[in-house]
Amino acid sequence: MAICTPSSSSSSSGSTSTKSWVIHGLAVGAAAAVALGAHAYLYYRRSGRFRSRVVGIIPARFASSRFQGKPLIHILGKPMIQRTWERAKMASSLDHVVVATDDDTIAECCRGFGADVIMTSESFRNGTERCNEAHQKLGNKYDIVVNIQGDEPLIEPEIIDGIVKALQAAPDAVFSTAVTSLKSEDAFDPNRVKCVVDNRGYAIYFSRGLIPFNKSGKVNPQFPYLLHLGIQSFDSKFLKIYPELPPTPLQLEEDLEQLKVLENGYKMKVIKVDHEAHGVDTPEDVEKIEHYMHERNLS
């Protein structure tokens, strides 16, 4: 694939402002201890400064079994990675936004439209590990690292701000993420990850299958199924030890990196948002998102 030609025009916010909210309650407390194997560390909630320094990292790789070169694919004249970066730059909670990649073509493209780029190793198993190395190269100076999926070119800045605020308000959690309502046509699509949460807004499980799954084996139109949006934020201290945690059975079976967090006993805060999910997982999704943008006059 030829290198992208970055567009110099600014991204339009287009869609209406998304209001994000924590599903149920915000955990409070002066500090929470989190076990790290034989080690432990304390989170101290400092007045107005708890987890205050925040960086957004967009991991991007060229090689993909389902869609090679996906970050560089053009969506209405702009590389997808540029659209994601422009959206992320609009989030008020982020002090810095960078692209983390192991590919020189992607790096050249991103620098062409003005993005800061961190080059990372080719050996990483997932975007979270890539974010960890990028944060290390930034000097480990941030309290929260937001992993922004490069294949969500219409991600709302308010969603980014929402998961950051949720993690800042939940000292017993090391991770936060967002969900939205699942469309019935996506119920059995393994590329659309589903989520269930407890009544305090903490994640119970994620799956590529429909969860919960009832005895009839059919979608219950009355049940509020949840779709995981993929964006996630980490306490940077936890992110540092995440790559050292061994892969877990559920993580490997579902091929979902967030399950390693849950299987190791850590808490994950979830917020629910109103969002028309338009992730790009396959080449066919590009046409769908361009059609959506044309209908709503998004440029």
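A residue counts as buried when its relative accessible area is under 20%. The structure described here is a predicted model.

**Helix α3 and C131**

By that cut-off, C131 is buried, with a relative accessible area of 1%. C131 belongs to helix α3. This helix spans residues 127-137, and 9 of its 11 residues are buried, so α3 is largely enclosed by the rest of the structure. The buried residues are G127, T128, E129, R130, C131, N132, E133, A134 and H135. Beyond neighbours within four places in sequence, C131 is in contact with I57, P59, V145, N147 and L239. V98 is 33 residues from C131 along the chain, and the C-alpha atoms of the two are separated by 9.8 Å. After α3 comes G139, which has a positive phi near 90°.

**Helix α4**

Helix α4 runs from residue 157 to residue 168 and has 12 residues. From first C-alpha to last it reaches 17 Å, close to the 16 Å expected at 1.5 Å a residue. Like α3, α4 has a count of buried residues to report: 9 of its 12 residues are buried, and the helix is mostly covered. Among the buried residues of α4 are P157, I159, I160 and D161.

**Two buried polar residues**

T84 and Q258 can be set side by side in a table.

| Residue | Helix | Relative accessible area | Polar contact |
|---|---|---|---|
| T84 | α1 (residues 80-89) | 0% | backbone oxygen of G150, 2.9 Å |
| Q258 | α7 (residues 258-263) | 4% | side chain of H228, 3.3 Å |

In the case of T84, the side chain is the part that reaches the G150 oxygen. Neighbours within four places in sequence aside, T84 is in contact with I58, I148, Q149, G150, E152 and P153. G150 is thus listed among the contacts of T84, and its backbone oxygen is the partner at 2.9 Å.

Q258 and H228 are joined through their side chains. With neighbours within four places in sequence again left out, Q258 is in contact with F175, V193, F206, H228 and M268.

**Aromatic rings and charges**

The count of aromatic pairs comes to 7. In one of these, F238 and Y242, the ring centres are 6.2 Å apart and the planes stand at 70°; planes over 60 degrees apart count as edge-to-face, so this pair is edge-to-face. Both F238 and Y242 are buried. These two residues belong to one aromatic cluster together with F175, F234 and Y266. F175 of this cluster is also one of the contacts of Q258.

Y242 has a charged neighbour as well: K260 lies over the face of its ring, at 4.0 Å from the ring centre. A further arrangement of this kind involves Y202, where the charged end of K267 sits over the ring, 5.0 Å from its centre.

**The hairpin of β11 and β12**

Strand β11 (residues 194-197) and strand β12 (residues 203-207) run antiparallel and are joined by 4 bridges. K194 stands opposite S207 of β12. The hairpin has 5 residues between the strands, and G201 takes a positive phi near 85° there. F206, a contact of Q258, falls within the residue range of β12.

Notes: Residues numbered from 1 in each chain as written. Predicted model: local features only at pLDDT ≥ 70, side-chain atom pairs only at ≥ 80, totals over all residues. Heavy atoms only, no water. Pairing = 2+ DSSP bridges. Helix = DSSP H or I, 4+ residues; strand = E, 2+ residues; numbered from the N terminus. Buried < 20%, exposed > 50% of the residue type's maximum accessible area, 1.4 Å probe, protein only. Polar contact = N/O pair within 3.5 Å; in protein donor to acceptor, adjacent residues only side chain to side chain. Contact = heavy atoms within 4.5 Å. Expected span 1.5 Å × (residues − 1). Phe/Tyr/Trp six-rings, centres within 6.5 Å; stacked < 30°, edge-to-face > 60°. Lys NZ or Arg CZ within 6 Å of the ring centre and 35° of its normal.
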